[in-house]
Amino acid sequence: MTRDEKSLSVRPAGGDERRAAGSTVHPVAAAVAGSACISASAVFMKLSGANAGTAAFLRCALALFVLVPLAVRECRRVGARPLRYRMMDIGAGVLLGIDMVFWAAAVLTVGASVATVLLNIQVVFFPLLARLVSGTRLSGRFVLMAPLMLAGVALASGAIGHPQPGSDPVAGVTFGTAAGVAYAGYLFLMRLGGGREHTISPVCISTAAAAVTAAVMGGLWTGIDLNPGWSAWGWLIALALVGQVLAWLLITTALPALAPNVGAALLLLQPVMAFGLGVAIGERPTPAQACGCALVIAAVWHNSRTPRRAANGTSSRRAPRRPIPR
């Protein structure tokens, strides 16, 4: 919604940067605004003071107040989504709920700035999952990028070098890795069921399943606090509406009107902005952690670059699928 951010449809190669149909917002501006919304998610979650289970559950549950009416309207327009794909959406939502609980736990252990960067480890797990399930070949670029990504994660978390005071590097890596694995599974299932006439319904169904999963997992692990205080409610509502709903609407409107390499570059603003916002609220990552974050972002950028075009002007590979925002 969703932090990103990041598999539903293939954009035809060679598209120009034009305004999305029916939209008055320039696609670049929309993508930047969407990235800003996602990057603020970790900060909103941390400022709420809620525990991981509460933040994950309420983030999804509150978003449904907006997503359900939009999904109903979509179904009236294009018909109901086939049962097979609804089941994929539910499975994806279960993984999304697990991801959100672990991601929120990572925010509380290593900080908002570092946790958002750590989630990009899904860039390693998603191709591996596709390889195991569907036999998709791993590219040479991925083989080069994966060790650099893992080294960057170790540095960013503080597992190598000196961690940020008050943080827990081991827990941060554990929670961040678990979130990345679950998020990669979510992306994989959403990719299998995406690219059709329904755009809001899959997100609504997966968000509902994520809310149920987060309620069960969070209730057993951290407990669910439905009375966190007015200040916490304000930040959690902002997390749901800004980081989940608004970010998704902006990015899914913008990306079809952008060239794949431009969209991928703009989405990389998410971890950069999140790092800056974390510093703005008082987090102080060490120089080693900052270098690790930069290494992770550079590795993701290198892996997501559009391949060179052949002499006849066509790309040597298919255009990359657009990522689902975090």
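This is a short talk on the overall fold of one protein and on the surroundings of His198.

Hi everyone, thanks for coming. Before anything else, please keep in mind that we are looking at a predicted model.

Let's begin with the whole chain. The protein has 13 helices and 0 strands, so if you walk along from the N terminus, you meet one α element after another. Of the 326 residues in the protein, 51% are buried. As for the outside, the accessible surface comes to about 13,900 Å², and carbon and sulfur atoms account for 67% of that area.

Now to the residue I wanted to show you. Where does His198 lie? You'll find His198 in the loop between α8, residues 169-193, and α9, residues 200-221. Is His198 buried or exposed? His198 counts as buried, because its relative accessibility is 5%, and the cut-off for buried is under 20%.

So what does the side chain of His198 reach? It reaches the backbone oxygen of Gly79, at 2.6 Å. Leaving aside residues up to four places away in sequence, His198 touches Glu74, Val78, Gly79, Ala80 and Arg81. Gly79, then, turns up both in that list of contacts and as the owner of the backbone oxygen.

Let's carry on past the loop, into α9. This helix has 22 residues. From its first C-alpha to its last, α9 reaches 31 Å, which is close to the 32 Å expected at 1.5 Å a residue. Just after α9 comes Gly223, which takes a positive phi of about 85 degrees.

That's my tour for today, and thank you all for listening!

Notes: Residues numbered from 1 in each chain as written. Predicted model: local features only at pLDDT ≥ 70, side-chain atom pairs only at ≥ 80, totals over all residues. Heavy atoms only, no water. Helix = DSSP H or I, 4+ residues; strand = E, 2+ residues; numbered from the N terminus. Buried < 20%, exposed > 50% of the residue type's maximum accessible area, 1.4 Å probe, protein only. Areas by Shrake-Rupley, 256 points an atom, 1.4 Å probe, with all protein chains shown as cover. Polar contact = N/O pair within 3.5 Å; in protein donor to acceptor, adjacent residues only side chain to side chain. Contact = heavy atoms within 4.5 Å. Expected span 1.5 Å × (residues − 1).
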